Amino acid sequence: MATLTAARYGKDKVRIFRVVRSPNGDGQVWNDVVEYNVRALLEGDIATSYTQADNSVVVATDSSESCATVLSGTSPHVLHPELFALDLGLHFVKTYPHIHKAFIDIEQLKWTRIIVSKDGKPHKHSFTRDGEEKRLTSVEIDATKGKGAVTAKVTSGLSGLLVLKSGGSAFEGFVRDEWTTLAEVNDRIFSTEVELSYTFALPAGALTAEGIAALQEKVAFDKTAESAKQITLDVFATDESASVQATMFKMSSEIIAANPTVESVSYKLPNKHYIPVDLGFKGLSNLKPADAEVFCPVAAPSGLITATVSRTH
Ligand SMILES: O=c1[nH]c(=O)c2[nH]c(=O)[nH]c2[nH]1
């Protein structure tokens, strides 16, 4: 005997680019743009599609894609990834009686408005990809308690933010035994590709389409995204780092302190190693931390340090 114990399906990597045009008052049209990769997965009374080849319960993944694409054209919230994800998730559970949960993941690619040097002004419709980092959100919409009692969970963050500091980082005092080859250093290169996520405490009460707009004000998704990134960069740059672990805890604590709607913060930080090269054969001293100026960046292996820090209530 075998039993289906979990089932969830939908469309992944739906690519969306949306332009929102608005008159800017002096006869010109101002454009805002977003580029998203969307994943929309559904759960509900769908077991028979797996166990009995019953497609009558299947909302085709093609239809999920249509919903994402059409709503990107009609949602008043499309420029705000969390709000758009809530809109889309709510749409699925409200449209299909037998769909009780929707899971929407959005990756937002970077398009930053170009500042034209001639006049120092932001351009009305021109943008640049100034980094591969992505803003992320994952929204879970839950209608298992009824279509009038929908609840949501929102986790947001960023990935692919590459940072490096060439000083202000030490690693000393760790366990030394017969397995230890690493030397203690009071100055080293610290480089990582930041993967950050944070969970939100949403206001109590059922989620409704009309209530979504108010969440931007109440939960401050966009402000939190800016703040979390800036704190990550500020702490990374200025901390006299004793370890990746210690710096990571400081970043997380500051994000919680500065953002009242954030419940918990998780980081995954690879420690991308830069190894001083032995130049002794040319009479150059490059191996002592104080002397080292030439390094070999090592693609693999890397350390991987993770943590979740939660608000204390
Ligand atoms: O900041 C660090 N934390 C570690 O746990 C570790 N382990 C290691 O080899 N180097 C480092 N650096």
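Visitor: Which residues are around the ligand?

Guide: The structure shown is a predicted model. A residue is counted here if one of its heavy atoms lies within 4 Å of the ligand. The residues around the ligand are Phe 171, Leu 182, Arg 188, Ser 243, Val 244, Gln 245, Asn 271 and Ile 305.

Visitor: How do the residues of this shell divide into nonpolar, polar and charged?

Guide: The shell includes Phe 171, Arg 188 and Gln 245. Phe counts as nonpolar and Arg as charged, while Gln falls among the polar residues. For the shell, the division is four nonpolar, three polar and one charged.

Visitor: Which residue places a backbone N or O atom 2.7 Å from an oxygen atom of the ligand?

Guide: Two of the polar contacts to the ligand come from side chains: a polar atom of Gln 245 lies 2.9 Å from a ligand nitrogen, and one of Asn 271 lies 3.3 Å from a ligand nitrogen. The contact to a ligand oxygen at 2.7 Å involves a backbone N or O atom, and the residue is Val 244.

Visitor: What percentage of the area that the ligand exposes when taken alone does the protein bury?

Guide: Polar contacts to the ligand include the one from the side chain of Gln 245, at 2.9 Å from a nitrogen atom. Taken alone, the ligand exposes 290 Å², and the share of this buried by the protein is 73%.

Visitor: Where does the ligand sit?

Guide: The criterion is that more than half of the atoms of a molecule lie within 2 Å of the grid points of a pocket. By that criterion, the ligand sits in the second largest pocket.

Visitor: Why do the residues that UniProt lists for "binding site" not all gather at one spot?

Guide: The unreviewed UniProt entry lists Thr 61, Asp 62, Phe 171, Arg 188, Val 244, Gln 245 and Asn 271 under "binding site". They do not all gather at one spot, because they span 211 residues in sequence and their farthest two C-alpha atoms are 51.4 Å apart. Of these residues, the lining of the second largest pocket includes Phe 171, Arg 188, Val 244, Gln 245 and Asn 271.

Visitor: In which helix is the place of Thr 61?

Guide: Thr 61 is among the residues under the UniProt annotation "binding site". Another of them, Phe 171, is in the loop between strand E7 (151-165) and strand E8 (190-200). Thr 61, by contrast, has its place in helix H2 (residues 61-74).

Visitor: Which peptide bond is cis?

Guide: Most peptide bonds are trans. Pro 301 lies in the loop between strand E11 (295-297) and strand E12 (303-310). With omega near 0 degrees, the cis bond is the one from Ala 300 to Pro 301.

Notes
Residues numbered from 1 in each chain as written. Predicted model: local features only at pLDDT ≥ 70, side-chain atom pairs only at ≥ 80, totals over all residues. Heavy atoms only, no water. Polar contact = N/O pair within 3.5 Å; in protein donor to acceptor, adjacent residues only side chain to side chain. Areas by Shrake-Rupley, 256 points an atom, 1.4 Å probe, with all protein chains shown as cover. 1 Å grid on protein atoms, 1.4 Å probe; cavity = no way out; pocket = protein on both sides within 12 Å on 5 of 7 lines; lining within 4 Å. UniProt positions renumbered as here; feature names shortened; annotations may be inferred. Helix = DSSP H or I, 4+ residues; strand = E, 2+ residues; numbered from the N terminus.
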